[in-house]
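Trainee: Could you walk me through the labels people put on this structure? I'd like to hear what stands behind each one.

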Amino acid sequence: MSTKLRSHGKSVVVWILLAMLIFGLGGYGVSNFSGGVKSIGTVGETEITVQDYANALRQEMNAAAAQFGRPLRMEEARAIGLDRAVQGQLFGAAGLSEQANRLHLSVGDEEVGRQITSAQAFQGPTGQFDRTAYRDMIRRQGYTEAAFEARLRADIARSILQGAVAGGAVAPEVLVNTYTAYLGETRDIAFAEITEDSLPAPVDTPDDAALQAYYEAHISDFTSPEAREITYAWLTPEMMAETVEIDEATLRETYDSRKDEFVQPERRDVSKLVFPTQEEADAGMARIAAGEANLADLAEERGLSANDISLSEQSEADIGGTAGAAVFAATDLGAIGPFETDLGPALFSVDAIYPGEETSFEDARGDIAAELAAERGRRMISDVTSDLEDRLASGATLEEMDKETAMQLGHIAFSAETTDGIAGYEAFREAATAVTAQDFPELGNLADGGVFALRLDGITPATPIPFDQVRDQVSEAWAAAELMRLKKEQADQVVAALEAGTSLADQGLEVRSEDALIRGAFVEGAPQGLAETAFATEPGKGAVVSDAQTVFVVTPMAVHAADMNSPEMQQLSQTFSSRLGQMIGNDLVDFYAAAAQSEAGITLDSAAINAVQAQIQ
């Protein structure tokens, strides 16, 4: 059984807070367990209770649900091995707890009490320990006070043991230095693209035989995808809007109520710097007027950045008073003032001017009418939804829905590439993908407030498109493939010439260079793997790098060893040493837990495990 532990070294308070998180992540139908079965197994004399297993499993399933974006079913959790991972964690922890018991490791009541009373999860509105909240939380988790405190005491003891086992783990200096030197190495490189102009001869014009051969070799590229032949009836707010008339008074009233959307006053980007006294503000403005500084310089002298004094976009009303009027009266960018404000004398800087905009009623009328008509259309659809559902439930066909209701009939050959019309709605796409020939039409909802129903009439299998119909596409694809083939052939010849002593420039290529290139860097305008290839290539040699459309040749010009004494390399070395030491410590705890399990012996109650999983919905 796996004994991997994923929480080595967590403080007890963190453990409590994580446990409390479970209270807010419920939803799998498990609150507590009762009956004769109390544990899913033991390591020596240390039990893993069914409640512990249920809580841990539920927590992991909720964490997985957050990643998947939906609740996880128990069979899905089993399929991805979540249940086995949780069991491994619990049995590993039990092995350490058993060993801690054998070594008589424990803590007193005072430490247990301190951990509980200091945990934020158990504090009331005043920030003090709330015993009622504490009792309620652990009760909902399935524990009595005695059981929870015993669990906490065991957790502290286990943490002490884990710290003792992992605490002395240190990353080997040779490994740290070697890896740091590897990461810190840089290279100067030269590279050039092999273009169509670089080729000794242009791409030939293919004959019909070559095109036919390419068509047959790449038949999947010229095959119509499987299409689901679907008849549908739908009704959208836009369709209903065609029958809706909005009177002039309503349009005018809506325009007036939303005047702020259509009439935007002039706005300006403004900065503001407040001074302690009028004299200091006057002196600051004098320096700006003399060209000795700007407002940002004055702010920096006082320990402020440009962001600290920026007010961003402001209207005259936002600034207010004499300062607001002056800021919006200014015709040029720059500093003005000082002006008295609520915070004291201040200088302002106009950093940008955005003219006001006004959309007249006549210009906005069409958009307002369309919005109101669509909204009314949504309400009308909502009013008839029950009737439409009843008709379909009574066996009405889609053709009858088209004749007897406002729904409109349509047909579509639907595939994964279809996005036009109703296929642009995700709800329709999901229904069209899932429907079978045995399904009866049911009403579905569209994102814009519309409704639809559909029927699968048949499935047209994927079919090769006749060569004559796609000859032009075949010709374009052949030419693109042939060009790439010739580019790669030419690149291989360039690499051979490089290794014979002829530089990229001497071969007539347009050469670019990058100095002090680091591993994994992205080189603009080049394929993603260019840097990786450059580091895998010896100086004086060349290599070919390509993507879907371009071909490059790269050659290292110089290799620079990492400066191990630089601040960056020192920081990298410390970070790597710390993380590697932590990993080694974790592995030591895993091995120690496995040895503890082997020494104490394991019992496993599969029936209890199945009972817990059966209750988690």
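Mentor: Let's begin with pairing: two strands pair if DSSP finds at least two bridges between them. Helices (H or I, at least four residues) and strands (E, at least two) are DSSP runs, numbered from the N terminus. This is a predicted model, where local features need pLDDT of at least 70 and side-chain atom pairs count only at pLDDT 80 or more, while totals for chains, interfaces and linings use all residues. Residues are numbered from 1 along each chain as its sequence is written, and side-chain values use heavy atoms, with hydrogens and water left out.

Trainee: What makes S5 and S12 a pair?

Mentor: Strand S5 (residues 227-235) meets S12 over seven bridges. The rule asks for at least two, so they pair, and the sense is antiparallel. As an example, Trp234 stands opposite Gln408 in S12.

Trainee: Which strand order does the open sheet with S12 have, and why do S12 and S13 count as edges?

Mentor: The order is S12-S5-S14-S13, with antiparallel pairing. Strand S12 (408-414) and strand S13 (444-445) each have a single partner strand, so one side of each is left without a neighbour in the sheet.

Trainee: And what holds strands of a sheet together?

Mentor: Strands of a sheet pair through backbone hydrogen bonds, either parallel or antiparallel.

Trainee: Why are Tyr215 and Phe467 called edge-to-face?

Mentor: Rings of Phe, Tyr and Trp (its six-membered ring) pair if their centres lie within 6.5 Å; planes under 30 degrees apart count as stacked, over 60 as edge-to-face and the rest as tilted. The whole structure has 17 aromatic pairs. In the one you ask about, Tyr215 and Phe467 are 5.4 Å apart centre to centre, with 70° between the planes, so they pass the distance limit and land in the edge-to-face class. This pair links distant parts of the chain: Tyr215 is in helix H9 (residues 208-217) and Phe467 in the loop between strand S15 (463-464) and helix H21 (471-499), 252 residues apart.

Trainee: How do you know whether Tyr215 and Phe467 are buried or exposed?

Mentor: Buried means under 20% relative accessible area, exposed over 50%, and partly exposed in between (1.4 Å probe, protein chains only). Tyr215 has 8%, so it counts as buried. Phe467 has 13%, so the verdict for Phe467 is buried as well.

Trainee: What makes Trp234 and Tyr425 an aromatic pair?

Mentor: Their centres are 6.2 Å apart and their planes 80°, so they fit inside the pairing limit and count as edge-to-face. Trp234 lies in strand S5 and Tyr425 in the loop between S12 and helix H20 (426-434), so the pair ties together parts that are 191 residues apart in sequence. Trp234 and Tyr425 are both buried. Ring pairs also link them with Tyr232, Phe414, Phe428 and Phe452 into a cluster.

Trainee: How do you know that Arg519 lies over the face of Tyr182?

Mentor: A charge sits over a ring if NZ of Lys or CZ of Arg is within 6 Å of the ring centre and within 35 degrees of the ring normal. Arg519 is at 3.6 Å from the ring centre of Tyr182, so the distance part is met. Likewise, Arg252 lies over the face of Phe361, at 3.9 Å.

Trainee: Why is H2 called oblique to H4?

Mentor: Axes are lines fitted to C-alpha atoms, for helices over the stretch in contact, and angles run from 0 to 180 degrees between N-to-C directions. Under 35 degrees counts as roughly parallel, over 145 as roughly antiparallel, 65 to 115 as roughly perpendicular and the rest as oblique. Helix H2 (residues 50-68) and helix H4 (residues 82-102) have axes that come within 10 Å and cross at roughly 130°. That angle falls in the remaining class, so H2 is oblique to H4.

Trainee: What makes S1 mostly covered, and which strands pair with S1?

Mentor: Five of the five residues of strand S1 (residues 39-43) are buried. S1 runs antiparallel to strand S2 (residues 46-49), joined by four bridges, and pairs in the antiparallel sense with strand S19 (residues 602-604) over three. Gly41 stands opposite Ile48 in S2, and in S19 the bridge partner of Gly41 is Leu604.

Trainee: Last one: is Val474 buried or exposed?

Mentor: Val474, found in helix H21, has a relative accessible area of 0%, so it is buried. Val474 and Tyr214 are 260 residues apart in sequence and 7.4 Å apart in space, C-alpha to C-alpha.
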